[in-house]
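Thank you all for coming; I would like to walk you through one structure this morning, going from a single sheet outwards to the contacts between chains. Please keep the view on the screen open while I talk.

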Amino acid sequence: MKELKEKARDLLKNKDVQVVIGYGDGTGGKPRAIFIRDPKDADRLIFDEKCEQNLAVYLLKHEVKKLGRPAIVATVPVVRSIIQLAAENQIAEGSVVILAITPDGKLTEIKTLKDTETFVSSNPPYTRPEDLEKLERIEKMTVEERWNYWLDELSRCFKCYACRSSCPMCYCERCTIECNQPQWVSPASHHLGNVEWHIMRAMHIAGRCVNCGECARACPLDIPINLLTLKVSEDIRKNFGLTAGMSATLEYALSTFKTDDKEEFIR
Amino acid sequence: MSASNLYKPYLMKIEKITDEAPGVKTFRLAFADENEGKQFAFKAGQFGEYSVFGEGECTFCIASSPTRAGYIECTFRQAGRVTNALANLDVGDTIGFRGPYGNIFPIGEWKGKNLLFIAGGIALPPMRCVIWNALDTRKNFKNVTILYGARTVADLVYKHELEEWAKMPDVKLITTVDPGGETPDWKGEIGFVPAVLEKIAPSSKNTVAIVCGPPIMIKYTFPVLKKLGFGANDIYTTLENRMKCGVGKCGRCNVGKYFVCKDGPVFTFTQIKELPPEY
Amino acid sequence: MSTFEPKIVAFVCNWCTYAGADLTGTSRIKYAPNVRIIRFPCTGRIDFMLLLKAFAEGADGIIVSGCHPNDCHYTSGNFHARRRWMVFRSLLDFMGIDTRRLQFSWVSAAEGARWAELVNTTVNNIRELGPFEEYRQLRGAGIE
Amino acid sequence: MEKKTLTKENLPRFLKKLQEDGNRVIAPKRTGEKVDFSVIGSPDEIADDYIQTVQSAKFAFFPKVEEILSFTANKSGVKINDKDTEKIPSTVVFGLRPCDAAAVASLDAVFNWDYKDNLFNSRREKIGIIGLSCAKSDNNCFCTSLGFGPGDTRGSDILLTELTSGDYLAEIITDKGKAMMNAAPELFTAEPMEAKEKNLADIKAQFKPEDLAKRFPAAFDREDLWLEQSLRCIGCGACAFVCPVCACFDIQDEGTTQNGTRLRCWDACGFSLFTLHTSGHNPREAQNHRWRQRLMHKFAYMQERLGVLGCVGCGRCSRACPADINILENVKMILEAK
């Protein structure tokens, strides 16, 4: 992507930004996140369909923040993560330059939140069909089958917290699992600790998750944990008509309400 | 049943609780099993893992002197889950104790020397052990000077013992509080420990200095000691890294090639200078 | 399983359901003794983590109840709670937990009889379901 | 050392026999796209045709959650119920790669450094290791650079090497190995004619293990060597948890003050909480400090203090890392640094 490299070089040259967060060549044909600070290095930027990591996670990392004002190479889910972070007052207007790339490979430089919103409204949210299929398959199971399925999957978890660390929405300085007075959820990776942890994770990013799938990609044990967050996102979309990461001014789905929200489950 | 589970603590009964300062308490602990108590021995500088069952373990030094057999004491400030749980206990309650772990103050090598103790805040407890050890074997040492500072008068721990030391003819005690921390009737010094140390300027001749305190105090005290002529081998301190196992396995207290739990907690300034700044 | 007596934990708001349950008592309406009531200032305060704790500690069923919509002492606590309940309930369902074990309701301060009926129905439902062994078995599992 | 042939038909029979004798067998099993160690019901479940499992079988020696003791308490005092190590199941780990088998020596060193860790040792004693030589490798493998190798017998009780015919050369290395073989001696036939070496993966050494001790200590202050490699680190513990050597742990109490258990759980130096003091002070404040600690500990400190390396070159951390942090790349960078 010649255009991307040029854009990045210009931004750095003109001192618009101090760092460009993008993808570069990694090992074994994998791309990796790179942090370009010298315009001369802009040529190291790459972009292809393998560039899936949600780079928005780096925007709030202390070590990266220290580098200065960033520009970030962003696919649609990354742009949505940024909007959601802005909605949660984690990213200020004008603090980041977005080098957005549409699914068909078109590069757009975005500098304002308004333009960011325009970008996502013309590039609507997309959920991988295979994820929706899996979701449906699990929903069709009996309660018992579902329980066994998840117990099987979640009991393997060893709590490396790659799901949490890779998620742009998990930016809390202190995660609930680290709050130990009282200890809400056990940090041990036994069955109870794992089941509770994954329920908690899903609930805490419900209505905020943009379904980038990064948590499942990051999971070294291939546990399909993104299905949990996808499930809550779908519920929120269907019941409350809200989708995270579409508007920086939109209220968080679980801290707002409508008087006529459905309540057939309440007796 | 394994006879030697490394992580199985002794059961200890709380014999006495002393309120030292706001949020700071001292427990006197006796072995629930007398035989275990008789076999137990430790030396000045060592630490242990104290546990409230159901809450977890916590690392403190043994604050009492090995010269006073039959019990151990620990002093802690309420800060986290375990220390808060400890603070809620009463005399007669049972806690766990694993230890003693770690190295020691080489008090045997200090025979015939002057001792200069410098402590700040909640760091007097690790030193109290060696102070009493020295005072109980007073004839082995020449001048004993204790410089102790805390944020406020209320924050000074071991107030009774400070009075006791002040009355001892062969101990020179200087207490100080940070500016603003004094009370109207405060008779001690006012100022930070390094500044007061510079002011009293104790001689470095034939003297070892033992320094315990928060990292910031240590950082500013070393240069003053150096100025006073102390050699790096004559300055001792303790490191207080976070620990879990206490026996060199869990990895937490690893600083450079050292494990604070096994190679420390007592280090000379010579060693400290070699360490990476990860303490 | 005629001998099985379910343990039910009820998380209720102070202003409506707790008062309602009080009325059940003062009206001398008899109802199943299987319920342990925990009083909260408002249903908006009832975090899902509390419900998880109840299950982990051995509850066979949970009742969560507060003021009817528009009657919240704090105006909107119950509306907020309703959304979270919906999402939480659906997530538990997705993970294979029988949602009959988690009963949400509105019971006002005047509805003493309704409270009795709610508890009785829930107890009967849970009695049919049996003890919540699946969740209880999580405790201790996976520890070598 | 005895050398035998174990035919491809006899291998499942052998494992079956070990199971019948009351051993729990842990072997590589396929889940989705990945292969990982788990307890198997039958030898048919064992995966083949893979380079490396996601995790090593470290958890058999050092479980991710392990009870240290349990306790009950009432008004009259506390009663500690010591861990019953008798109940630890006798286990056979099948299919351990030579790198993983070599890693057991490093675990041994950590858990027996002055203080003997009985929990670890009791498990260790009850585990028989049937290693499996590597016929294939990938770019993440670098065992040979650290002095190990794809057919290294160190650590295994029996090492199997697959031959062209699909049968296995069985090297009976230890007494434990001999005892395992003696469970079904009739299944082991005369030594094969075929040479072992030509059936091993060709993994070129990229540096010498001696260089590590020479170069690492001096690299400590070279921020350029650590920062660039760790800037993309997201701070998870995947690298440590898949590592066959990483043995850092946490101790946690669960239950109530009247009735509970004390657990030992895996922990990782990459977590910011690992060293965080209650006061808020953190000796290793930034992620690059923590990444540096990981490498220094493996390549410098462990070697100096325990006489073993903290890395066996299995390449797992590089494969598992969600941010493509590659240990080999970083090590080479340090060794080649001017």
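**From a sheet to the chain contacts**

Strands S1(C) and S2(C) pair in the parallel sense, and six bridges hold that pairing. Before I go further, I should say that this is a predicted model, and everything that follows should be heard with that in mind. Within the pairing of S1(C) and S2(C), C:Cys13 has as its bridge partner C:Phe40, which lies in S2(C).

If we now widen the view to the sheet as a whole, chain C has an open sheet of four strands, in the order S2-S1-S3-S4, with parallel pairing. Strand S2 (35–40) and strand S4 (102–106) of chain C are the edge strands, each of them pairing on one side only. From one strand to the next the twist averages 20 degrees. Towards the S4 side, strand S3 (residues 61–66) of chain C runs parallel to S4(C) and is joined to it by five bridges, and within S4(C) it is C:Leu102 that stands opposite C:Ile62. Helix H1 (residues 17–26) of chain C packs on this sheet, where it touches strand S1 (8–13), S2 and S3 of chain C, and the direction of the helix makes about 115 degrees with that of S1(C).

How many of the six residues of S1(C) are buried? Six of the six are, so S1(C) is largely enclosed by the rest of the structure. The burial concerns both faces of the strand, since C:Ile8, C:Ala10 and C:Val12 are buried on one side, while C:Val9, C:Phe11 and C:Cys13 are buried on the other.

Let me set beside this a strand in chain D. Four of the five residues of strand S8 (residues 158–162) of chain D are buried, so this strand, too, is largely enclosed by the rest of the structure. S8(D) runs parallel to strand S7 (residues 127–132) of chain D, with three bridges joining the two, and D:Gly131 finds its bridge partner in D:Leu159 of S8(D). With strand S9 (residues 168–172) of chain D, by contrast, S8(D) pairs in the antiparallel sense, over five bridges, and here the bridge partner of D:Ile158 is D:Ile172 in S9(D). The hairpin of S8(D) and S9(D) has five residues between the strands, and in it D:Gly166 takes a positive phi near 95 degrees.

I turn next to the nonpolar interior. In soluble globular proteins, nonpolar side chains tend to be buried together. In this model the largest nonpolar core has 320 residues, and those with the most contacts inside it are A:Val73, A:Ala74, A:Ile82, B:Ile210 and C:Leu91. Taking A:Ile82 as the example, and leaving aside residues up to four places away in sequence, we find that it touches A:Ala56, A:Ala74, A:Ile91, A:Val96, A:Ile98 and A:Thr116.

That brings us to the domains of chain A, which is divided into domain 1 (2–122) and domain 2 (129–255). Taken over C-alpha atoms, the centres of these two domains of chain A are separated by 25 Å. Domain 1 of chain A gives 18 residues to the contact, and domain 2 of chain A gives 17 residues. On the domain 1 side, the elements that give two or more residues are helix H3 (76–87) and helix H4 (113–122) of chain A, and H3(A) gives the most, with eight residues. By class, that side of domain 1 has 10 nonpolar, five polar and three charged residues.

Finally, the chains themselves. Which chains share the most contacts, of the five pairs of chains in contact? Those are chains B and D, with 35 residues taken from chain B and 46 residues from chain D. The chain B side of that contact divides into 14 nonpolar, 11 polar and 10 charged residues. Chain A, for its part, has 37 residues in contact with 31 residues of chain C. Helix H5 (129–140), helix H6 (143–154), helix H8 (191–204) and helix H10 (226–240) are the elements of chain A that give two or more residues to the side touching chain C, and the largest share, eight residues, comes from H8(A). The residues on this side of chain A divide into 21 nonpolar, six polar and 10 charged. Chain B and chain C, however, are joined by no contact, and their closest C-alpha atoms lie 15 Å apart.

Notes. Residues are numbered from 1 along each chain as its sequence is written. Chains are lettered from A and ligands numbered from 1 in the order in which they are written. This is a predicted model: local features need pLDDT of at least 70, side-chain atom pairs count only at pLDDT 80 or more; totals for chains, interfaces and linings use all residues. Two residues are in contact if their C-beta atoms, placed from the backbone, lie within 7 Å. Ala, Val, Leu, Ile, Met, Phe, Trp, Tyr, Cys and Pro count as nonpolar, Asp, Glu, Lys and Arg as charged, and the others, Gly among them, as polar. Two strands pair if DSSP finds at least two bridges between them. Axes are lines fitted to C-alpha atoms, for helices over the stretch in contact, and angles run from 0 to 180 degrees between N-to-C directions. Domain bounds come from an automatic or database domain assignment. A nonpolar core is a set of buried Ala, Val, Leu, Ile, Met, Phe, Trp, Tyr and Cys residues joined through C-beta atoms within 7 Å. A residue is buried if 20 or more other C-beta atoms lie within 10 Å of its own, exposed if 12 or fewer, and partly exposed in between; C-beta atoms are placed from the backbone.
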